[in-house]
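Before turning to individual side chains, it helps to settle the overall form of the chain and the way its surface is divided. The paragraphs below move from the whole to a few charged residues and their surroundings.

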Amino acid sequence: MEKYIKMKDFKIWRSILRGPVRITTTLENGTIIDKEVTNYTDEDFEKIEEQEKALATLTMALSPEIAQGFREYDLAKALWEALIEVYEGNEDMKQSRQDMLKQKFNLLNHILGESLEAQLHHFITLTTKMSSAGISVPRSEINKKLLNSLPKSWDMNVSVIKKTKDLHRLSLAETMAIIKACDLDDKHHLRRFHHP
């Protein structure tokens, strides 16, 4: 989850990860006690403000429905840990999610009646989820899977693309652009055929 949070204020991010800071003072006998608020220095207040900002930043990033379920957390670190546990889960849950996404990828095929645009959208959504889940798939495998999942009517185009393009080097965006260009060409030829 943390790779999705982009913070410009690294003090806030550090405050989330570090957790609450206890403002203390050391007595003459060496005992450490909490400092009275009336004795706080500007630096002490800055540390407290950092913690408050961190909590506010996390809370404001949540939708109202999600924030409602996490109202009990009044420390940024505790809220962050709760969010990770709920939305990323433990290692078993992460592994299960990865397995499910890999299975979806392996079973992906054209759905009868689905438009090319919808199919490309589903494919990019799935590969984005896989990447977010930490699943690394070589470019060539992604490109081949996309091409092989196109409808039967695309067999000729797929064959030409596979023979003329380097699927190891093409990005998914480039492969999709080639597919869209072929689709436009096919539609253009079809219109010319029906309307001489």
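A residue is called buried here when its relative accessible area is under 20%, exposed when that value is over 50%, and partly exposed in between. By that criterion, 32% of the 196 residues of the protein count as buried. The model is a predicted one, and every value that follows is computed from it.

The protein contains 9 helices and 2 strands, and, read from the N terminus, its elements follow the order α-β-β-α-α-α-α-α-α-α-α. Its radius of gyration is 27 Å, whereas the globule rule gives 16 Å for 196 residues, so the protein is more spread out than a compact globule. The spans of the C-alpha trace along its principal axes, about 95 × 35 × 35 Å, describe the form in another way. As for how the chain meets itself, 59% of the contacts between residues at least 6 apart in sequence join residues that are at least 24 apart. The accessible surface amounts to about 13,900 Å², and carbon and sulfur atoms account for 55% of that area.

What is the balance of positive and negative side chains in the protein? There are 29 positive and 30 negative side chains, and the centres of these two sets lie 12 Å apart. Over the whole structure, a search finds 9 salt bridges, of which three can be followed here in detail.

One of them joins Glu50 and Arg18, whose closest N and O atoms are 3.4 Å apart. Because Glu50 belongs to helix H2 (residues 42-61) and Arg18 to helix H1 (residues 10-18), this pair ties together parts that are 32 residues apart in sequence. The two partners also fall into separate classes of accessibility: Glu50 is buried, at a relative accessible area of 15%, while Arg18, at 43%, counts as partly exposed.

Another salt bridge is made by the side chains of Lys180 and Glu117, with an N to O distance of 3.6 Å. Here Lys180 lies in helix H9 (residues 172-194) and Glu117 in helix H6 (residues 116-132), so the pair ties together parts that are 63 residues apart in sequence. Lys180 counts as partly exposed, its relative accessibility being 36%.

A further salt bridge links Asp155 with Lys152, the closest N and O atoms being 3.9 Å apart. Of its two members, Asp155 is partly exposed, with a relative accessible area of 42%, and Lys152 is exposed, with a value of 69%.

Set against these pairs is Glu114, which is found in the loop between helix H5 (91-107) and helix H6. Which side chain of opposite charge is nearest to Glu114? That side chain is Lys104, at a distance of 12 Å, and Glu114 is buried yet has no salt bridge. Since a salt bridge requires a side-chain nitrogen of Lys or Arg within 4 Å of a carboxyl oxygen of Asp or Glu, the absence can be read directly against that limit. If neighbours within four places in sequence are left aside, the residues in contact with Glu114 are Gln119 and His122.

Helix H5 also holds Lys102, which is partly exposed at a relative accessible area of 36%. Its C-alpha atom is separated by 11 Å from that of Ser131, a residue 29 places away along the chain.

How values were computed. Residues are numbered from 1 along each chain as its sequence is written. This is a predicted model: local features need pLDDT of at least 70, side-chain atom pairs count only at pLDDT 80 or more; totals for chains, interfaces and linings use all residues. Side-chain values use heavy atoms; hydrogens and water are left out. Helices (H or I, at least four residues) and strands (E, at least two) are DSSP runs, numbered from the N terminus. The radius of gyration is taken over C-alpha atoms; the globule rule is 2.2 Å times the number of residues to the power 0.38. Buried means under 20% relative accessible area, exposed over 50%, partly exposed in between (1.4 Å probe, protein chains only). Contact means heavy atoms within 4.5 Å. Accessible areas come from the Shrake-Rupley method with a 1.4 Å probe; for residues, only the protein chains shown count as cover. Lys and Arg count as positive and Asp and Glu as negative; His and the chain ends are not counted. The place of a charge is taken as NZ of Lys, CZ of Arg, CG of Asp or CD of Glu.
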